[in-house]
Structures are given as C-alpha cells and as structure tokens.
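Q: Could you take me through one part of this model up close? I'd like to see how a single helix sits in its chain, with a word first on how the chains meet.

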Amino acid sequence: MNIDWFFILEKIVLISGVLVISLVVAMYSTWGERKVASIIQDRIGPNRAGFMGLLQPLADGGKLFFKEEIIPGNSNRFLFILGPSLAMVVACMTSAVIPWGDTLTIAGHTISLQIADINIGILYIFGVVSLGVYGIMLGGWASNNKYSLLASVRAASQIISYELAMGLSLIALLMMTGTLSIKEIVEQQRHGGWNVLYQPLGFVIFLVCSFAECNRTPFDLSEAESELNGGYHLEYSSMKLGFYLFAEYINMFISSALMASLYFGGYSFPYMDSLGLAPNLVTILGTVALFIKIICFLFFFMWVRWTIPRFRYDQLMRLGWNYMIPLALANMLITGAIVLYRSTH
Amino acid sequence: MGMSLQQIVFGVLSIISIISALGVILSKNPVTSVLCLIVTFFTIAGHYIMLNAQFLAVVHIIVYAGAIMVLFLFVIMLMNLNAEIEPQKRNWLKYAGAISGGALLLVLLGALREADVTPIQPGAAEIGLISNLGKTLFNQYVVPFEVSSILFLSAMVGAVIIGKREA
C-alpha cells in the first residue's frame, strides 16, 4: 500500500486550521454584530468583559454551555439532537472548496492553501447549500411545536426559492469564466479584472440571495419573533440553541468568502505580481487581503440587519419569484449573447 | 496487505449503502426512512465519484438529496405521519409481495448469470468529467437533450396550471 503521509498530514492540518478559523471568525462576528448594532443605534454595546468587550463571545459561549438542557417530552429525541448537529456540519462543509490563498513553498513541498481544488467546486457548493435546509426542517419538526414547524416550513420554502435565482446568477458567471473551479476563477481575476465589473447585476442577485440563504434580515422570516415566538429553534436551549445561532454566523462567513472569491478577486489584490516580493510573502498578503474583503462583507451583512426592517412573507416570495428569477434569467441571456458575440468576432 | 485504498473505500461505501437501504424499508417511522434514503443517495454519489463521474455525483446530490427528499420531508411533516398511525398491511398482501419479489430476484439472477460484464477501471475513464460530458451532450446527443428539456418545460407548465387553479 502506497499512502502519501505528507499529503494526509498537510490536509489534516489545513482542514483543522480552516475549521478553527471559521469558528473563531463566527465567534467574533457575534461580538461584531453587537458592536455594529450599538454604533448604529447610538449605544455603547458590550464593554464589560475584557478590553472593549472582546471577551464577550467567550462569556456567551460559557453561559450557553452551562445552561440547563431541555428536550421537550413529546419530541423525537434523536431528530431533535440531529437538527442542530446537521446545521453545524453543513455550515462547516462548504469551506473545503474555497481557495484561502495561493501556494506556499515550505522545505521543498508546495502546499496549496485550498483543501480540495475539485473541478466542480461551484456545483459542490450548490450541493451543500441545498442540504442546509435539513437541519432547520428536522429541528423544527422534531420539536413537536406548531410555531417551530411553521418556521421551518417557511425557512425551507424560502431557501428553495432563492436557490434558483442564486444558481441562475452563477450560471452567467460560469458562462463568462468557462470553469467550475473556484481556484481558476480567482486566478482569472488575478490577471484580468474583478468579476464584479463584468457581472454587476449577477453580483447583486447573488448578494440578495445569500442574505436569504443565511436567513438574515430582511429575510429572517423563519425567526420572526413577533409572529412565531422565536422560530424553528423555539424549543432549543443550551448549546443546541448555540449551534443554530453559530451555524448562521458560519454561513455568513462562508458566503462572504464565496462572494469575495467569485466576484472580488479572492486572494488576489492589485499589483500583487509586480511588487517583487518573495512568493510566500505574496501568498500570505493575499490571504490577508481575502480576509479584509470577507470582513467588509460581514460588516455589510450586519449593517443591513440593523438598517432595513423585515419583509412580509408574501413580499419575500414575490421578490424571489417575480423579480429575482426573471432578472437572473435576463442577466444570463445578456451574458450569453455577449460571450457568443465575442467568440465569433 | 492485499487491499488498495480504493477497495477499502468501496467496501465501506457499499456496507453503508446496503445498511441504509435496509433502513429505508425496515424502519417504522417515515421520517427515519427518508433520512436513511438520503444516506443511501450519499453513498451512491460516493460510488459515482469512485468511477470518476464527479458531475453525476454532485447532480445526484443536488437533485435527489437536496430537492426531491426535501419535498418528501415536507409532505411527511405536514401530514404528520407517525409510526403509530402507519396502516397495517393485510397478510395476503405481504405474501404476494414476498412471492413476486422473489420471482423478480430469480429472473434477474437468471438473466445476469450468463452476462459478460467488462469491468470498468475506476479512475481511468475521463468521460464523467464535466467538460467531456458537456461536449458529448451538445454534439452527439443534442436532439435527445433538447427533447428532454421540452419534457421538463411541459411538466413545469403543468405544475403552474395546477397551482393556479385553486387560487
């Protein structure tokens, strides 16, 4: 048997690193969310735990861990536990195909800062996104509570509706770049311009749909506390509730990384090839650039949440089916026409 | 050691897929059946990947696990089917099912016993990769492809008409 142990070790280190970073970013997104909310609402925000409240996420996590865990008597115990676990696992799975940076060369080995550069990267993301609904549906149903069930049905139909427009907006991008590998899409932007310049409408559609896919305001109808008493995680307590809330922040982080990679050049930054620095240093700077882009997107997610009120459910559905999908189809048609024109002239 | 990495993965995938497929038909709770079916789809997608048909694997997951099974779950959850209210089948129905299933197994065995299947080398064929698949679909099989797209379109129009009638 011939197993490349260095390869396996490299991948294990990379996977653990990406998971830890996702969790830490998600943790500090909760802190960021409170700070952004407090700035927008002219308050101070968390400032007791540590400098500027920086230890607040640890305090929150500790609180959730030590809360009493309640499983409703008439619920399906196995599915009740499976729900938040699935939500968390699916949220962490997408990070496998995102290129977090170019290659590093350490002691003669070339290490790609991407866990798996598969040639169907974007389809993989669609597969994982379409699975995201199971955690919410199972949790809502297993709680044996009508409010939870209503919320999970809302969430499922919302995610299915916006997946369509999201897919159509990506098809336009694929027609332009001609590849399904996210790494290659980033490399093309490194040498050409950022895709957002060529696909502005596609980017806007993708952005709106990712708000809907992450259940973020103004699309957080599945956790509308004024009508549903809290939504699909109504019956959850302790760390199971924490998993649901945490999965939302991981999803936000991953969609920000995805938008940065697909439309804003990923780990590339202007003049990165003409600085004349060592390749390893350029790679590290590129990863830093990617994270700056991600933080900008995360801030945008929060900014919108504390600025725009929630839609009504029929408005949400009308926006999805009557505006987003026709717009995405038109975008696809225009892109197709331009690609055809440029390939024949 | 006589086994390669591929054989180990194949064995694990096959065992999981057989166990979860049995779970689909043996479990009393319909939601558990659906979940077992989803696991089965995943293992079958794993087999596709081992045959280097990545596109087929991912589409299999998107369409079956991601869309169709969600609708199954919807229906089961909204009708609130439980293990307690599952109807008891009549005895003669069980016997008839067992006999016809056994007969089908016999026919399949008889048909496949003499069949000569050339083994596919896992990982050798490049046909499953997406660019090759696209070129084949749009050059060699463009007419069947378009015909099936018209079939989908008519199904979509039908669904919209049925949905409109109530409102």
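**Where the chains meet, and a helix up close**

A: Keep in mind that this is a predicted model. The contact draws on 19 residues of chain A and 18 residues of chain B. On the side of chain A that touches chain B, the elements giving two or more residues are α4 (121-142) and α5 (146-177) of chain A. Of these, α4(A) gives the most, with nine residues. That side of chain A is made up of 16 nonpolar residues, three polar and no charged.

Now for the helix itself, α2 of chain B, which runs over residues 30-50. With 21 residues at 1.5 Å a residue, α2 of chain B should span 30 Å, and its end C-alpha atoms do sit 30 Å apart, so the two agree. Plenty to look at inside: B:Val31, B:Val34, B:Leu35, B:Leu37, B:Ile38, B:Thr40, B:Phe41 and B:Ala45 are buried in α2(B). Those buried residues pack against α1 (5-26) and α3 (54-79) of chain B, along with α3 (77-93) of chain A. Just past the end of α2(B), B:Asn52 takes a positive phi of about 70°.

How does this fit the record? An unreviewed UniProt entry lists residues 6-26, 33-51, 57-80, 92-112 and 141-162 of chain B under "transmembrane region". In the model, residues 33-51 of chain B are 95% helix and 0% strand, with end C-alpha atoms 27 Å apart. Residues 141-162 of chain B also come out at 95% helix and 0% strand, and there the end C-alpha atoms are 32 Å apart.

Definitions and conventions
Residues are numbered from 1 along each chain as its sequence is written. Chains are lettered from A and ligands numbered from 1 in the order in which they are written. This is a predicted model: local features need pLDDT of at least 70, side-chain atom pairs count only at pLDDT 80 or more; totals for chains, interfaces and linings use all residues. Two residues are in contact if their C-beta atoms, placed from the backbone, lie within 7 Å. Helices (H or I, at least four residues) and strands (E, at least two) are DSSP runs, numbered from the N terminus. Ala, Val, Leu, Ile, Met, Phe, Trp, Tyr, Cys and Pro count as nonpolar, Asp, Glu, Lys and Arg as charged, and the others, Gly among them, as polar. UniProt positions are given in the numbering used here, feature names are shortened, and annotations may be inferred rather than shown by experiment. The expected span of a helix is 1.5 Å times one less than its number of residues. A residue is buried if 20 or more other C-beta atoms lie within 10 Å of its own, exposed if 12 or fewer, and partly exposed in between; C-beta atoms are placed from the backbone.
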